[in-house]
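The following exercises ask the reader to examine a protein chain step by step. Each task is followed by a worked solution.

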Amino acid sequence: MFRILNKEVLAPSVIRLEIEVPDIERKAKAGQFVILRIDESGERIPLTISGFNEERGSISLVFQEVGKTTRQLASLSSEDCIADIVGPLGRPSEIENFGTVACVAGGVGAAVILPVAQALKKAGNKIITILGARNKELLILEDELCSISDEFFVTTDDGSKGHCGVCTDVLNELIAGGQGINRVVAIGPAIMMKFVCKTTEPHKIKTVVSLNSIMVDGTGMCGSCRVTVGGETKFCCVDGPEFDGHLVDFDELMNRQKIYLEEENLALKSYETRDVKRTECRCKAQKEEGER
Ligand SMILES: Cc1cc2nc3c(=O)[nH]c(=O)nc-3n(C[C@H](O)[C@H](O)[C@H](O)COP(=O)(O)OP(=O)(O)OC[C@H]3O[C@@H](n4cnc5c(N)ncnc54)[C@H](O)[C@@H]3O)c2cc1C
Ligand code: FES
């Protein structure tokens, strides 16, 4: 059982949980993820490690409520527990001094890019961050990302903050202005990563993306996370989650992300119509029972 030390609402339906899990905190590196199961009957879901706290032996996970398990996770509070957390999984991000790196984050991708941008900054890179969201309410981790960026841009689809439009508009302008970008890291919805790659490909700027394919075991056994990269089948959980974006078949990824849509909708419907909506934390209940 792993205790939640802190819970924070970053934006509507976007939550940050700090979880005490010292064994994972000690080993984890930027770019890696965990797979968690809320309780014994729960589904396993992958979430990227967004922050580390050595003193408290904790990691932070930031997630968006999109379906049954993320909604159930959002119903937990500080001091509640999570049954299983496996990790760190996946290959860490490639961190070295590349020169100037543009970090392009869309929506909750900001949480995934944050530890990568921090590590790249520490390695001596100049960091240009472009943070995009549909509207200003959905922008997350602005202060954290801004504080480690040499240049920082915000874009919103509706123009409620920063540049009105999408993050590729700003990236295009920077490239056209001769910014001398040596590498791009793009993390967000698959469609956004696809268009960032289309923007950088003609300029031959190496572009790294983090893929969120459907995962089950997270250890290379089940094949559910397979993606096509450079014409070869790769397993996102063990070969990734980061890949050279110019080689990724994004259309296949987006199609595969939808294969369980019917089951996911059914699971959410049945969760929402349960009598008791809030997930009871068993270890907390046991502790209270012992105190009585
Ligand atoms: C390596 C990796 C890291 C991720 N990191 C984050 C993160 O830091 N923050 C965040 O908000 N989300 C992250 N995701 C996506 C997250 O795992 C899904 O949003 C979550 O599993 C949805 O579960 P659900 O039951 O709430 O929704 P569901 O209704 O079950 O699914 C909603 C959508 O989420 C995706 N999804 C569902 N099940 C899985 C699964 N087992 N594996 C992967 N995707 C799934 C599918 O596209 C699906 O259509 C990551 C995914 C991967 C592969
Ligand atoms: S999640 Fe099973 S092989 Fe990657």
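**Exercise 1.** Determine whether Asp80 is buried or exposed, then describe its place and its polar contact.

*Solution.* In this predicted model, the relative accessibility of Asp80 is 1%. The cut-off for a buried residue is under 20%, so Asp80 counts as buried. The next step is to place Asp80 in the chain: it belongs to the loop between α2 (68-74) and β6 (81-82). Finally, a polar atom of the Asp80 side chain lies 2.8 Å from the backbone nitrogen of Ser77.

**Exercise 2.** Identify the domains of the chain and state how many residues of each are in contact with the other.

*Solution.* The chain is divided into domain 1 (2-90 + 262-280) and domain 2 (100-257). Their centres, taken over C-alpha atoms, are separated by 22 Å. Across the two, 21 residues of domain 1 are in contact with 21 residues of domain 2.

**Exercise 3.** Describe the largest nonpolar core and explain where it lies with respect to the domains.

*Solution.* The largest nonpolar core has 34 residues. Among those with the most contacts inside it are Val104, Ile181, Leu211 and Phe250. Domain 1 (2-90 + 262-280) and domain 2 (100-257) both contribute residues to this core, and therefore it lies between them. Leu211 can then be taken as a single case: residues up to four places away in sequence not counted, it touches Met193, Val227, Cys236, Pro241, Phe243, Val248, Phe250 and Leu253. Apart from this core lies another, of 28 residues, including Ala117, Ile140, Leu145 and Val154.

**Exercise 4.** Compare the surroundings of two residues with positive phi, Ser13 and Leu141.

*Solution.* Begin with Ser13, which is not a glycine and has phi near 70°. Ser13 lies in the loop between β1 (2-11) and β2 (14-20) and is partly exposed, with a relative accessible area of 35%. Leu141, also not a glycine, has a phi of about 60°. Leu141 is in the loop between β9 (126-133) and α4 (142-147); with a relative accessible area of 6%, Leu141 is buried.

**Exercise 5.** Locate the cis peptide bonds that precede Pro88 and Pro241.

*Solution.* The bond from Gly87 to Pro88 is cis, with omega near -5°, and Pro88 lies in strand β7 (residues 84-89). The bond joining Gly240 and Pro241 is cis with omega about 15°. Pro241 is placed in the loop between α7 (236-239) and β16 (242-244).

Methods: Residues are numbered from 1 along each chain as its sequence is written. Chains are lettered from A and ligands numbered from 1 in the order in which they are written. This is a predicted model: local features need pLDDT of at least 70, side-chain atom pairs count only at pLDDT 80 or more; totals for chains, interfaces and linings use all residues. Side-chain values use heavy atoms; hydrogens and water are left out. A nonpolar core is a set of buried Ala, Val, Leu, Ile, Met, Phe, Trp, Tyr and Cys residues joined through side-chain atoms within 4.5 Å. Buried means under 20% relative accessible area, exposed over 50%, partly exposed in between (1.4 Å probe, protein chains only). Domain bounds come from an automatic or database domain assignment. Contact means heavy atoms within 4.5 Å. Helices (H or I, at least four residues) and strands (E, at least two) are DSSP runs, numbered from the N terminus. A polar contact is a pair of N or O atoms within 3.5 Å; within protein, one must be able to donate a hydrogen and the other to accept it, and residues adjacent in sequence count only if both atoms are side-chain atoms.
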